[in-house]
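Okay, thanks for coming, everyone. I'd like to walk you through a model, so let me put it up on the screen.

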Amino acid sequence: MEEKKTPEQAYPAALPAIAIRDVVMFPHMALPLSVDRPKSVAAIEAGLAAGRHLLALAQKKPAVNDPAPEDLYSYGVVSVISQSLKMPDGTMRVFLEGRRRVRVKKLALAAGGTYLYAEVEYPEEPVEKTPEVIALMRHAVEIFEAYVKLGTRITLDSTSFLQQMDDPAKLSDTIAANSMFALPDKQDVLETESPRERLEKLIRFLAKEVEILDVEQKIHARVKTQIEKSQKEYYLNEQMKAIQKELHQKDDFSKEIDELKKRVKAAKMPKEAEAAAEKELARLAKMMPFSPETTVSRTYLDWLVSLPWAVETKDEIDLGKAKKILDEDHFGLKRPKDRVLEYLAVCKLTEKLKGPILCFVGPPGVGKTSIARSIARSMGRNFVRMSLGGVRDESEIRGHRRTYVASMPGRIIQSMKKARSRNPVFLMDEIDKMGTDWRGDPAAALLEVLDPEQNSEFNDHFLDVPFDISKVMFVATANTLYGIPVSLRDRMEIIDFSGYTHDEKIEIAKKFLIPRQLKDHGLKEGSLKLDDKGIDAVIRGYTREAGVRNLNRELASMCRRAARRIVETKAASVKVTPENLGDFLGVPKFLDTKASYNAMGIATGLAWTENGGEVLAVEAVAVPGKGGLTLTGKLGDVMKESAQAAFSYVRSRELAPASYVNSHNFHVHIPEGAIPKDGPSAGVTLATALASLFSGRAVKKNLSMTGELTLTGRVLPIGGLKEKVIASFRDEINTVVFPRANLKELEEIPSGIRSKMRLHPVDRMDEVLELALEPAAARGRKSAGARKTVKSR
């Protein structure tokens, strides 16, 4: 180590300069440096050779490795190299002592370009010892002591000598050298030549630092308290574990938590769900085992680990196999079967199920639910069914929030748990029978469930984490579309299931219903002998429906009676014929009478109900009065308006003189008054009955009709033509008058029925009357009023 004392002498006007990173040199400041940059090493060597003086300048940007003159500040400190040591690798270690503040006039590379050389001037620092300066000095010392107490880098012992200083310049430079400011702020203090201004700037910077350090201490104290609390809990938990280990026991609650942790890992949940489960487990571990909150937490975790987050069945979409299964399980239903096979074909080609949700609409007992089960069987998927009939609470769909002990997930999540896979065939039964009240609209909640763009993140209120139901194949069933909101109907593709024909019911009974009932009642094949005539008698006398549900019920009753007779009489078999059918099923529920009672004032109409097509009679009579119209038969508002329109139309045709019309009231009645009736399609039937009464011309036998009527006599299209024609055929009424606009629907009618029917399309009511009323010469028995009307005309 080389060390030399430098004698007091005048400071040079030009001297070598060294660039310092991250540090601002002040007068009276000692600074050890480790120098490795070639220019800096050369500058030190030049300084050692020229009186040991060296100019220390701070870099504007510490990251610059080879600073140019413009990269250095214009103020610096003339220092004396008190100690220096050159290392074997060419670097140097030096110890600088700051002496005087200088202003750089010129800074450039020395001859040879090996180091920086500066021309400087020494500013005069005014000697100010005014009361204001003295006050500033005292305040600076006080605030610096506060800064030292809050900070950890400077000891309190190092501040005692400041109180002995009476030179404001030296005091300000010493405080600045021992403070931790930002480099630009320190340089600002260095460049301030007036000691009074330097003290003011120092006080401002120190006050800011004291405020920051005070906040830091508060944060540190708060964090320390939290850490101590966590350490205490950790220590107590470890003690509890150690005690249990010594006693060789572990309570049931801890075992349950360990088991739940294993199940959470095994469930392979998404990250968000797994994080929620782990958070709930941590909460559960801190609870008392028998508190109400523990029950809620346990239930929540049980649901999370029980759901099929990653369980998925492999699709087996084979159209041949699917068609075979559908034909095995269902007779007829060609159009629905074709649509299901088309849907499966698209799924096979696209390898995904995103698309419209299938909605089967039709009367009860036509196979809507069972065909959905067959779809699941043909695809190799699990099947789950959810009945929506009577659901009024939105929470039934979305789940209840975990705010009370009895809260639970909605029906969607419950059904997914039952399905045990995340891609089942999910049947939503009776979707048209949901209600709405103050608890919300469940149909609106289903919009998210049935939207392929949203249901990948279905959020149940109870789970409060997304569950992916986008791979579920949803199938809905309904009896009518009227109970389904338009927005929900838009999410689904409607497939109509019409009623079965009489011949189809016989085939279904022979191939499906009777073998199943024989098996269910323990009867062997051949134990019950029932031929086509017997089945025909059961259908006609004991059932009147579009489907086969009641037929199945009657066959079950027949099998029970047959089983009892076989057991009691030891007979090998029982034969059922139309003659002894009453012994098995009792008195027929429906008389085999034809509904077509067409006569004067009586017309036969066709209606559509949830149970399929129905035949109904419309009767009209005239009684003395003042031209009023009375309607009975429990008619709905729409049918009442249709009757008023029909009455106005018939009056406008002047089929009877005004004196007759004004002196009579007209009563229109539709039998079976206990059954509500509504809809516009009875308009032509009502008009025909009234026209027959007004004109005295009887309605032709073996004829039925349907169509909506306007005041001007136009016949508008109606719905359910297929079901209505089948109902007319069932009652052996072979002539049907219908709106011409419904011609396109004739293809839906089975060809076997269509070929046996006489179907007349019409556009106007005049055509209906021409087809329906007997010619004037062929009038039947007439009332006196009617005869008077005809004579006057």
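I'll go through a sheet, then a group of helices, then the cysteines, and finish on one more helix. Keep in mind that this is a predicted model.

Let's start with the sheet. How are the strands ordered? There are five of them in an open sheet, running β9-β10-β13-β8-β14, and the pairing is parallel. At the edges you find β9, residues 383–387, and β14, residues 492–496; each has a single partner strand, so one side of each has no neighbour in the sheet. Going from one strand to the next, the twist averages 25°.

Now look at one pair inside that sheet. Strand β8, residues 357–361, runs parallel to β13, residues 473–478, and four bridges join the two. If you want a landmark, take F360: its bridge partner in β13 is T477. There's also a helix packing on this sheet, α13, residues 411–419, which touches β9 and β10, the latter being residues 425–429. The direction of α13 makes about 155° with that of β9.

Okay, on to the helices. Begin with α16, residues 502–520, and α18, residues 549–569: their axes come within 10 Å and cross at roughly 45°. An angle between 35 and 65 degrees falls in the oblique class, and that's why we call α16 and α18 oblique to each other. As for handedness, α16 passes α18 in a right-handed crossing. Who makes the contact? From α16 it's K505, A509, L513, I514, Q517 and L518, and from α18 it's L551, N552, L555, A556 and C559.

α18 has another partner here, α17, residues 532–542. Those two axes come within 10 Å as well, crossing at roughly 120°, so α17 and α18 are also oblique. This crossing is right-handed too. On the α17 side the contact uses V538, I539 and Y542, while α18 brings L551, E554 and M558. Notice that L551 is in the α18 list for α16 and in the one for α17.

Next, a residue that ties into this group: L530, found in strand β15, residues 528–530. Is L530 buried or exposed? With a relative accessibility of 15%, L530 counts as buried, because the cut-off is under 20%. Leaving out residues up to four places away in sequence, L530 touches I514, I535, L555, M558 and V576. Of those, I514 and L555 also sit in the contact between α16 and α18, and M558 is in the one between α17 and α18. For a sense of scale, L530 and A658 are 61 Å apart, C-alpha to C-alpha, and 128 residues apart in sequence.

A quick word on cysteines. How many disulfides does the structure hold? Zero. C359 is buried at 0% relative accessibility, and C559, which we just met in the α18 contact, is buried with 1%.

Last stop is helix α23, residues 721–730. Nine of its 10 residues are buried, so the helix is largely enclosed by the rest of the structure. The buried ones are L721, K722, E723, K724, V725, I726, A727, S728 and F729. And what covers them? Among the elements doing that are strands β17 (602–609), β18 (612–624), β21 (703–705), β24 (735–739) and β25 (758–762), plus helix α24 (751–754). After α23 comes E732, with a positive phi near 60°.

That's my tour, thanks.

Notes. Residues numbered from 1 in each chain as written. Predicted model: local features only at pLDDT ≥ 70, side-chain atom pairs only at ≥ 80, totals over all residues. Heavy atoms only, no water. Pairing = 2+ DSSP bridges. Axes fitted to C-alpha atoms, helices over the stretch in contact; angles between N-to-C directions. Contact = heavy atoms within 4.5 Å. Disulfide = S-S within 2.5 Å. Buried < 20%, exposed > 50% of the residue type's maximum accessible area, 1.4 Å probe, protein only. Parallel < 35°, antiparallel > 145°, perpendicular 65-115°, else oblique. Left-handed = near helix turned anticlockwise from the far one by under 90°.
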